[in-house]
Amino acid sequence: MIRIIKDPKLTTDLPAEPIKYPGKPLPHRFKPSQLDTIYQKSGSLYVQDISKAYLMGGEPFWALKHISLEIKSGEFVAILGPSGSGKSTLLHIIGGLDRPSEGSIFVDAENLSKLSDKKLAAFRNKKIGFVFQFFNLIPKTSVFDNVYLPFLYSRETVDKPKDKVNQLLTSLGLANKLKSKPNEISGGEQQRVAIARALINNPTIILADEPTGNLDSKTGLDILKILLSLKERGKTIIMVTHEQHLANSADRIINIKDGSLV
Ligand code: ADP
Ligand code: MG
């Protein structure tokens, strides 16, 4: 079944039949039953032949076309491509923020397409940490609460959760900013808060969408170093960027153009 996110740019006339991308699927496919043995470690990811259509004036626009890729546990992968190539769409689908029109995503051998919206949200909260270009912090809410709130939503039970928030923010150099509001701190500091928020539920995978795109180059480098240090601690990192020199720090670069891997 096709699911299209609500967006003012979209028409609401959904097709009765699922849209099929006109083209042959790629031959490279695993049977889901094989996935258990292929991916035993947590933080691994397999994208199986996904395509994504947005409806524009009733016509499908294919933002992603037959993408297959695998990312191993603990890898730092950069997705590199020009603006409009489908990077954010791909990242959102990988992280369960959106669903593909076709194809499947497996995270730790779990097929995300089989999860209900509620289970998908729970999966996201537990396994994935998102970092965005524009930080997406809650305005008028303290640095501390921006990190503490997603923990509360997770309904996890952890000993002294407030201590955990403090430790995390301190480790990111924000000990003296706990009570500040996002608009009272610098861009680099805001992104570090966003990284703390992404880490609070101890996810195995961090998805970062142009995390340095709104920062000067020195501050951007600091953020990149933090992401690299998270890789050292065993996290799987997928970073979207349109800058080659940032992508060069990754273990592997995946190039995307016009919705296809190149
Ligand atoms: P990137 O992150 O590489 O800049 P995106 O994934 O944001 O690219 O977008 C890929 C293509 O899909 C672009 O042509 C964009 O205009 C289109 N697109 C993205 N989101 C929507 C949407 N909600 N409705 C219609 N088209 C969209
Ligand atoms: Mg983008």
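Among contacts in the chain between residues at least 6 apart in sequence, what percentage join residues at least 24 apart? The figure is 72%, and it is a handy one to keep in mind while going through the points below, which concern a predicted model.

1. Confidence. The chain averages a pLDDT of 85, with 84% of residues reaching 70 or more. Two stretches deserve your caution. Residues 1-19 have a pLDDT below 50, and beyond near neighbours in sequence this stretch has 20 contacts in the model. Residues 35-39 also have a pLDDT below 50, with 10 contacts counted in that way. Where pLDDT is low, the predicted coordinates should not be read in detail. I would keep those contacts out of any argument.

2. Overall make-up. You will find eight helices and 10 strands in the chain. Of its 262 residues, 39% are buried.

3. The open sheet. Six strands make up an open sheet with mixed pairing, and their order is 6-7-8-3-9-10. Strand 6 and strand 10 are the edges, each pairing on one side only. Further in, strand 3 (residues 76-80) runs parallel to strand 9 (residues 252-257), with four bridges between them. To check the register by eye, look for Ala78 opposite Ile253 and for Ile79 with its bridge partner Ile254.

4. The hairpin at the sheet edge. Strand 9 also pairs with strand 10 (residues 260-261), this time in the antiparallel sense and over two bridges. Here Lys257 stands opposite Ser260. Two residues lie between the strands of this hairpin, and Asp258 takes a positive phi near 45°.

5. The nonpolar core. In soluble globular proteins, nonpolar side chains tend to be buried together. The largest nonpolar core in this model has 58 residues, and the members touching the most others are Ile79, Ile94, Leu207 and Ile238. Helix 6 (residues 187-199) gives this core its largest share, six residues. Ile238 is a good place to start looking: leaving aside neighbours within four places in sequence, its contacts are Ile71, Val77, Ile79, Leu91, Ile94 and Leu207. Ile79 is the residue already met in point 3 as the bridge partner of Ile254.

6. Helix 2. This helix is mostly covered, with six of its eight residues buried. They are Lys87, Thr89, Leu90, Leu91, Ile93 and Ile94. Two of them, Leu91 and Ile94, are among the contacts of Ile238. After the helix comes Gly96, with a positive phi near 75°.

7. Around ligand 1. Which residues come nearest to ligand 1? Of the 15 around it, they are Tyr54, Ala63, Lys87, Ser88 and Thr89. Strand 1 (45-56), strand 2 (59-71) and helix 2 (87-94) each supply at least two residues of the shell, and helix 2 gives the largest share, three residues. By type, the shell holds five nonpolar, seven polar and three charged residues. Lys87 and Thr89 link this point to the previous one, as both are on the list of buried residues in helix 2.

8. Two backbone angles to inspect. Most residues other than glycine have a negative phi, and most peptide bonds are trans. His66, in strand 2, has a positive phi of about 50° although it is not a glycine. Phe135 likewise has a positive phi, near 65°, and is found in the loop between strand 6 (128-131) and helix 4 (143-154). Are these two residues buried or partly exposed? His66 counts as partly exposed because it has 18 C-beta neighbours inside 10 Å. Phe135 is buried, as 20 other C-beta atoms lie within 10 Å, and 20 is the number at which a residue counts as buried.

9. Gly74. This glycine is found in the loop between strand 2 and strand 3. Gly74 is partly exposed, with 18 other C-beta atoms within 10 Å. Leaving aside neighbours within four places in sequence, Gly74 is in contact with Gly43, Lys231, Gly234 and Thr236. Its C-alpha atom is separated by 8.5 Å from that of Ile205, a residue 131 places away along the chain.

Notes
Residues numbered from 1 in each chain as written. Chains lettered and ligands numbered in written order. Predicted model: local features only at pLDDT ≥ 70, side-chain atom pairs only at ≥ 80, totals over all residues. Near = placed C-beta within 6 Å. Nonpolar A, V, L, I, M, F, W, Y, C, P; charged D, E, K, R; others polar. Core = buried A, V, L, I, M, F, W, Y, C linked by C-beta atoms within 7 Å. Buried ≥ 20, exposed ≤ 12 C-beta atoms within 10 Å, placed from the backbone. Contact = placed C-beta atoms within 7 Å. Pairing = 2+ DSSP bridges. pLDDT = per-residue confidence, 0-100.
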